[in-house]
Amino acid sequence: MAIEEESLAKGVENVKISEDTPVEQKQEETGTNDTGSTSAAKKKKKNKKKKASSGTTNGNEEGVTDGVEGAEDETKEDNDEQEESAPATAGGEGASEGAAKKKKKKKNKKKSPKTQTEPPTVPVSKLFSNGVFPEGENHEYRDDNTWRTTSEEKRAAERDAYDDYNDMRKAAEVHRQVRAYARKTIKPGMSMIDICETIENGTRSLVEENGLEAGIGFPTGCSLNHCAAHYTPNAGDKTVLSYDDVMKIDFGVHVKGRIIDSAFTMHFNPKYDKLIEAAKEATYAGINEAGIDVRLCDIGAAVHEVYDSYEIELDGKTYDIKPIRNLNGHTIEPYHIHAGKSVPIVRDSGDETKLEEGEQVAIETFCSTGRGYVIEDGECSHYAKAHDAPHVPIRVPRAKSLLASINRHFGTLPFCRRYLDRVGEEKYLLGLRNLVSSGVVTAYPPLCDTRGSYTAQLEHTILLKPTCKEILSKGDDY
Ligand SMILES: [Co+2]
């Protein structure tokens with residue numbers, strides 16, 4: 001999820017919405033992009049290496065054996081669907097289980113390591129039954145902070161925080177598995193509602209949604225084309241994904257309020273490749289720059305630098321790829337997706353605030369072929385109870401009961417209208433409007449650049465641990 005920087009917005013109130021202007025002057029600079037793709041490829045290799053070793057450094061190779069332990073559960077669940085195909089050579093546990101359930105004639109006794117189903121339905125707690133979830137990708141600190149890598153004191157601090165880290169890693173594992181399925185199955189022709197439900201059903205199952213203890217972190221963004229963020233369909237939205245769409249899938253998972261916020265861009269027409277590549281390289285530049293004591297403005301500068309080197313030709317016109325200057329990354333706190341700090345994606349933010357030890361940060365960058373500036377546009381779907389909600393008495397009965405429902409189901413986690421429908425709320429729009437106008441709930445309408453432009457996003461959640469930086473949501477896809 002993105003944060004819109006209002007201070008930046010005010011400075012540019014008179015920006016006009018104009019047609020995208022093609023840019024000629026940069027057409028010769030073609031070499032720059034190659035650097036991008038090779039460094040991306042290098043990174044990929046590096047990741048694999050690190051992943052392979054990370055299990056051993058943790059002493060948690062159990063990930064593999066876990067799978068076997070978990071296998072029985074899946075076998076039980078699959079019985080109903082797989083009756084015909086199951087050979088009758090049951091293993092011990094399978095047999096006793098079968099005796100207990102007489103209705104089942106045959107058992108599936110495949111004792112293969114437990115794997116995720118398609119669509120994803122197996123809770124990650126069953127896949128990692130020792131409760132230890134895989135670490136993301138670790139990066140050492142640099143410059144004045146290299147001492148942290150081996151500091152005994154800092155290591156001890158990490159051991160103390162282990163449970164929180166593990167909750168974040170569990171949410172990250174859910175994110176990876178759900179998005180793997182989403183990336184594989186989402187195709188032009190699907191409705192936006194189906195797309196979101198695919199992701200939301202996966203999240204609910206894999207994280208074992210349970211009140212405010214674990215569940216969806218915020219509404220599933222699926223913003224299209226010139227819309228960069230905060231669009232998810234409301235009930236009745238008939239929009240269908242098409243081949244020429246550029247869709248930002250931005251979804252969140254939380255475990256005990258520890259939110260993983262990660263997003264990627266889907267496109268089907270290869271003509272947009274450069275746009276998507278630019279967002280990826282820029283976000284990684286931001287992640288690379290981020291660290292303890294690093295100034296926010298320096299992250300913005302590193303991101304902007306990457307975007308400067310990109311342009312894209314679409315239907316015979318060349319466009320600069322610009323960062324969207326009023327969208328930002330953000331720090332995350334428990335149940336609080338947009339905590340205190342905003343991480344700029346432009347070089348001139350002037351924000352010298354520093355990141356600090358222990359902070360969880362969503363590094364997200366957005367780029368556009370338009371003017372690189374978003375405004376609120378379209379029907380609102382996203383809302384959240386304000387973290388600093390004023391204690392004003394709500395007198396309108398419908399607003400009062402709606403607030404009670406929001407408190408119960410979402411607390412301060414963002415929600416959308418579909419989630420209200422789902423928990424049984426009806427005819428809530430007036431009540432919702434009342435809560436928004438009283439300042440108790442904040443509305444987050446879609447944020448869009450110029451019509452006809454295209455926008456892309458890539459986002460990871462990182463953690464500034466005492467000894468090193470962990471890209472929590474890193475996967476083998478991005
Ligand atoms: Co975000």
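Asp 261 counts as buried, with a relative accessibility of 0%. The model is predicted, and the values here are computed from it.

**Asp 250, Asp 261 and Glu 459**

Asp 261 is part of strand β6, which runs over residues 258-267. UniProt, in an unreviewed entry, lists Asp 250, Asp 261 and Glu 459 under "binding site". These residues span 210 residues in sequence, yet no two of their C-alpha atoms are more than 8.1 Å apart, so they gather at one spot. Of these residues, Asp 250 is included in the lining of the largest cavity.

Neighbours within four places in sequence aside, the contacts of Asp 261 include Met 1, Asp 250, His 330, Glu 364 and Glu 459. Phe 218, Phe 251, Ile 332 and Ile 337 are also among the residues in contact with Asp 261. The side chains of Asp 261 and His 330 are joined by a polar contact of 3.0 Å.

Glu 459 lies in strand β18, residues 455-464. Glu 459 is buried, at 0% relative accessibility. Not counting residues up to four places away in sequence, Glu 459 touches residues including Met 1, Asp 250, Asp 261, His 330, Glu 364 and Tyr 478. The side chain of Glu 459 also reaches the backbone nitrogen of Met 1, at 3.2 Å.

**His 230 and His 338**

The "binding site" annotation in the unreviewed UniProt entry also covers His 230 and His 338. They span 109 residues in sequence, yet no two of their C-alpha atoms are more than 13.5 Å apart, so they gather at one spot. His 230 is included in the lining of the largest cavity.

His 230 sits in the loop between β4 (227-229) and β5 (246-255), and its relative accessible area of 6% makes it buried. Leaving aside neighbours within four places in sequence, His 230 is in contact with Met 1, Ala 2, Ser 223, Ser 381, His 382, Tyr 444, Pro 445, Pro 446 and Leu 447.

His 338 belongs to the loop between β10 (327-332) and β11 (342-343), and at 13% relative accessibility it counts as buried. With residues up to four places away in sequence not counted, His 338 touches Met 1, Ala 2, Ile 3, His 330 and Thr 331.

The table lists polar contacts of annotated residues.

| Side chain | Partner | Distance |
|---|---|---|
| His 230 | backbone oxygen of Ala 2 | 3.1 Å |
| His 338 | backbone oxygen of Ala 2 | 3.0 Å |
| Asp 261 | side chain of His 330 | 3.0 Å |
| Glu 459 | backbone nitrogen of Met 1 | 3.2 Å |

**Helix α11**

Helix α11 covers residues 397-409; at 1.5 Å a residue its 13 residues should span 18 Å, and its end C-alpha atoms are 18 Å apart, which agrees. Its buried residues are Ala 399, Leu 402, Leu 403, Ser 405 and Ile 406. They cover an arc of only 160° around the axis, which puts them on the same side of α11. The face turned away from this buried side carries the exposed residues Pro 397, Lys 400 and Arg 408.

The elements covering the buried residues of α11 include strands β14 (382-385), β15 (415-416) and β16 (441-444), along with helices α12 (417-422) and α13 (429-437). Gly 411 follows α11 and has a positive phi, near 55°.

Note on methods:
Residues numbered from 1 in each chain as written. Predicted model: local features only at pLDDT ≥ 70, side-chain atom pairs only at ≥ 80, totals over all residues. Heavy atoms only, no water. Helix = DSSP H or I, 4+ residues; strand = E, 2+ residues; numbered from the N terminus. Expected span 1.5 Å × (residues − 1). Buried < 20%, exposed > 50% of the residue type's maximum accessible area, 1.4 Å probe, protein only. Arc of directions from axis to C-beta. Contact = heavy atoms within 4.5 Å. UniProt positions renumbered as here; feature names shortened; annotations may be inferred. 1 Å grid on protein atoms, 1.4 Å probe; cavity = no way out; pocket = protein on both sides within 12 Å on 5 of 7 lines; lining within 4 Å. Polar contact = N/O pair within 3.5 Å; in protein donor to acceptor, adjacent residues only side chain to side chain.
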